[in-house]
Amino acid sequence: MRTGRPKAELVLTEEERAQLGAYARRSKTAQHLALRARIVLACADKLDNQTVARKLGTRPATVGKWRGRFVRERLEGLLDEPRPGVSRTVSDEKIEEVVVKTLESTPRGATHWSTRQMAKQVGLGRMTISRIWRAFGLQPHRAETFKLSKDPQLIDKVRDIVGLYMNPPDKALVLCVDEKSQIQALDRTQPLLPMRPGQAERRTHDYERHGTTSLFAALDVKTGKVIGACHRRHRAVEFRKFLDTIEANVPADLDVHVVVDNYGTHKTAAIRAWFAERPRFHIHFTPTYGSWLNLVERWFGLLTERQIKRGAHRSVRALEGAIKAFLDAHNEDPKPFIWTKTADEILASVARFAQRTLDAHGERT
């Protein structure tokens, strides 16, 4: 017995399948259009809305919307509909020219387009260019960094660490351990001017250095509490001392799973011997260039944002005191970070990113 509303039959011609494949694969396609194309292609493979939604990481209602619109309007239905209001004075061809130039070229003597340069190039107003860029999610002035891991054990390490976060072992602690090294004790060359109504806090642009310290921290994934200690250096000797601090602060009847990165001080003979003498401690290494898997990095971000970035410290001791005050305040009311992405979702995202990188490289060459 069939339940629910019947799905509209979706059959593609060869031309439609080819065009949808181009939308889905081309790295410079707007992401919302690429998703719509992938939805239609998956629906054409006789998959139901729920399955397509899980496969593409979207909602069943979204799948149903674009399935139905494609059946009614075919390829034209996947494009954004014009909104009500004054009739457009800029043609689709002109908009396409702006988008293609933005994505596939650069102005003479510059690395990216500005609204004024593009407006002069295509003969439109600067605000028109700005509206087109906003509509297509283009931000030529921005650039972000990335580093794909080449670790041959990437898949195994991602599954191992994410498994610890989402399904921790019984009678065990999961600790994310790392050091924030070379934290500078900086003081401004003149006194700060405090915030007042209508005026932000003011500080001089230059500063004086008064030395550095390194913070070793271990974040308990379950409770959010942090074990921390400052040392003036960050060698294997200091890391071993911090491991002793961890051992003294965790229950003796529990196994301890330690997540660390691949920094050299974590792999010396002395550190390996320390773990070999304590079988209840288990070490888990993040992939190369995969420090984002270590949750303590998120806590380091809070420390930087709320204490270090705007702090003024006249000595290393003052800096260490400020770090300890932040640590104590955090542990009085800890909040754990909740990991939500599964290993399969992470690996699929990495695969898509790697494929886009290869496609973009192929287009350039």
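## A tour from the sheet to the helices

Start by selecting strand β1 (residues 172–188) and strand β4: the two run parallel and are joined by five bridges. Strands count as paired here if DSSP finds at least two bridges between them. The model is predicted, so local features need pLDDT of at least 70 and side-chain atom pairs pLDDT 80 or more, while totals for chains, interfaces and linings use all residues. Residues are numbered from 1 along each chain as its sequence is written, and side-chain values use heavy atoms, with hydrogens and water left out. Element names follow DSSP runs numbered from the N terminus: helices are H or I runs of at least four residues, strands E runs of at least two.

**Stop 1: strand β4**

Now show V258 in β4 and look across to β1, where L175 stands opposite. On the β5 side, V258 stands opposite I283. The pairing of β4 with strand β5 (residues 281–285) is also parallel, over five bridges. Follow the chain from β4 through helix α10 (residues 269–276) to β5, and you trace a right-handed β-α-β crossover. Right-handed means that, with the strands pointing away from the viewer, the path from the first strand over the helix to the second runs clockwise.

Is strand β4 enclosed or open? Five of its six residues (255–260) are buried, so the strand is largely enclosed by the rest of the structure. Buried stands for under 20% relative accessible area, exposed for over 50% and partly exposed for the range in between, using a 1.4 Å probe and protein chains only.

**Stop 2: salt bridges**

Next, turn on the charged side chains. Side chains of opposite charge can pair when their charged atoms come close. The structure has 14 salt bridges, each a side-chain nitrogen of Lys or Arg within 4 Å of a carboxyl oxygen of Asp or Glu.

Select R203 and E201, whose side chains meet in a salt bridge at 2.5 Å, N to O. R203 is partly exposed at 27% relative accessible area, and E201 is partly exposed at 29%.

Move on to E320 and R232, a salt bridge with its closest N and O atoms 2.9 Å apart. Helix α12 (residues 316–332) holds E320, while R232 sits in the loop between β3 (226–231) and α9 (236–249), so the pair ties together parts that are 88 residues apart in sequence. E320 is buried, with a relative accessible area of 17%, whereas R232 is partly exposed at 48%.

K335 and D333 make another salt bridge, with 2.8 Å between the closest N and O atoms; K335 is partly exposed at 49%. Before leaving, add R310 to your earlier selection: salt bridges with shared partners join E201, R203 and R310 into one network.

**Stop 3: two helices**

Jump to helix α2 (residues 31–44) and helix α4 (residues 60–73), which pack at about 80° with axes 9 Å apart. That makes α2 roughly perpendicular to α4, a label for angles of 65 to 115 degrees. The axes are lines fitted to C-alpha atoms over the stretch in contact, and angles run from 0 to 180 degrees between N-to-C directions. From α2, show R36, I39, V40 and C43; from α4, T62, V63, W66, R67 and F70 complete the contact, which means heavy atoms within 4.5 Å.

**Stop 4: A312**

Finish in the loop between α11 (296–308) and α12, where A312 is found. A312 is partly exposed at 40% relative accessible area. Which residues does A312 contact, leaving aside its neighbours within four places in sequence? They are L186 and D187. Measure from A312 to E208 as well: 9.7 Å from C-alpha to C-alpha, with their positions 104 residues apart in sequence.

Note on methods
Angles under 35 degrees count as roughly parallel, over 145 as roughly antiparallel, 65 to 115 as roughly perpendicular and the rest as oblique.
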